[in-house]
Amino acid sequence: MVNKDNQSINPSKNFVLPFILLLLSKVSLHGYELSQRLEAFGFKTLDQGNLYRLLRQLEKDELLSSEWDTTGSGPAKRRYSITKAGITYLKGYANQLETYQSLLDQFFKMYTSFFELYIPSFQKKDPIEKVKNSRRRKDDGTEENGNDSSR
């Protein structure tokens with residue numbers, strides 16, 4: 001989805017689930033820590049309330065478990081971990097994403113070939129080569145124009 005404020009693309013909210021499971025497959029995290037890591041992946045507009053509702057639903061579906069962490073200063077926090085069922089679900093989701101990726105690859109091959117077919121391509125010249133060819137040094141250190149017709 002395109003964010004109209006800065007024209008950046010935000011990942012679909014549907015993709016947050018596999019990222020949650022993937023992150024929690026490596027380490028158990030508090031909700032806030034999970035939110036920060038998801039933001040680093042590009043989920044900038046993720047609503048905290050929705051995240052915690054999703055975590056509770058995943059726990060209800062037995063894909064995650066949680067326990068209260070009373071270590072450290074401050075109030076107790078829930079620490080979320082993936083379950084065996086969650087790992088199985090993640091593997092299945094990864095297989096689905098792999099199939100989706102191959103569909104996207106096919107799309108972009110067709111998309112690229114469409115533009116190559118209907119829009120004439122132009123040759124890009126390397127700016128370094130352009131400068132190199134237009135100004136060559138003579139043996140005495142002076143420059144000569146590489147496009148000079150007097151040669």
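1. Leu 22 is found in helix α1, which covers residues 16-26. The model is a predicted one. With a relative accessibility of 38%, Leu 22 counts as partly exposed, since the partly exposed class runs between 20% and 50%. Its C-alpha atom is separated by 7.1 Å from that of Leu 90, although the two residues are 68 positions apart along the chain.

2. On overall composition, the protein chain has 5 helices and 7 strands. Their order along the sequence is β-β-α-β-α-α-β-β-α-α-β-β. Of the 151 residues in the protein chain, 21% are buried. Among contacts with a separation of 6 or more, 42% are between residues 24 or more positions apart. The protein chain exposes about 12,000 Å², and carbon and sulfur atoms supply 54% of that area.

3. How many aromatic pairs does a search of the whole structure find? The search finds 7. One of them joins Phe 15 and Tyr 100, with 6.4 Å from centre to centre and 40° between the planes, a tilted arrangement. Phe 15 sits in the loop between β2 (8-9) and α1, while Tyr 100 belongs to helix α4 (residues 84-118), so this pair ties together parts that are 85 residues apart in sequence. The centre distance falls within the 6.5 Å limit for a pair, and the plane angle is neither under 30 degrees nor over 60, so the pair is classed as tilted.

4. Both partners of that pair are partly exposed. Phe 15 has a relative accessibility of 27%, and Tyr 100 has a relative accessible area of 42%.

5. Phe 19 and Phe 41 form another tilted aromatic pair, at 4.8 Å centre to centre with 55° between the planes. Phe 19 lies in helix α1 and Phe 41 in helix α2 (residues 31-41), so the pair ties together parts that are 22 residues apart in sequence. Phe 19 is partly exposed at a relative accessible area of 25%, and Phe 41 is also partly exposed, at 43% relative accessibility. Ring pairs extend this into a cluster of Phe 19, Phe 41 and Phe 43.

6. Is Thr 83 buried or exposed? Thr 83 is buried, because its relative accessible area of 19% is under the 20% limit. The residue lies in the loop between β5 (77-82) and α4. A polar atom of the Thr 83 side chain is 2.6 Å from the backbone oxygen of Glu 62. Leaving aside residues up to four places away in sequence, Thr 83 touches Glu 62, Leu 63, Leu 64 and Ser 65.

7. Which residues make the nonpolar surface patch of about 780 Å²? They are Tyr 100, Leu 103, Leu 104, Phe 107, Phe 108, Tyr 111, Phe 114 and Phe 115. Tyr 100 thus appears in the patch as well as in the aromatic pair with Phe 15. Phe 115 is found in helix α4 and is partly exposed, with a relative accessible area of 32%. That value is over the 30% needed for a patch residue.

Notes
Residues are numbered from 1 along each chain as its sequence is written. This is a predicted model: local features need pLDDT of at least 70, side-chain atom pairs count only at pLDDT 80 or more; totals for chains, interfaces and linings use all residues. Side-chain values use heavy atoms; hydrogens and water are left out. Helices (H or I, at least four residues) and strands (E, at least two) are DSSP runs, numbered from the N terminus. Buried means under 20% relative accessible area, exposed over 50%, partly exposed in between (1.4 Å probe, protein chains only). Rings of Phe, Tyr and Trp (its six-membered ring) pair if their centres lie within 6.5 Å; planes under 30 degrees apart count as stacked, over 60 as edge-to-face and the rest as tilted. A polar contact is a pair of N or O atoms within 3.5 Å; within protein, one must be able to donate a hydrogen and the other to accept it, and residues adjacent in sequence count only if both atoms are side-chain atoms. Contact means heavy atoms within 4.5 Å. Patches are made of residues with over 30% relative accessible area and no salt bridge: like charges are joined within 9 Å, nonpolar side chains (Val, Leu, Ile, Met, Phe, Trp, Tyr) within 5 Å. Accessible areas come from the Shrake-Rupley method with a 1.4 Å probe; for residues, only the protein chains shown count as cover. A salt bridge is a side-chain nitrogen of Lys or Arg within 4 Å of a carboxyl oxygen of Asp or Glu.
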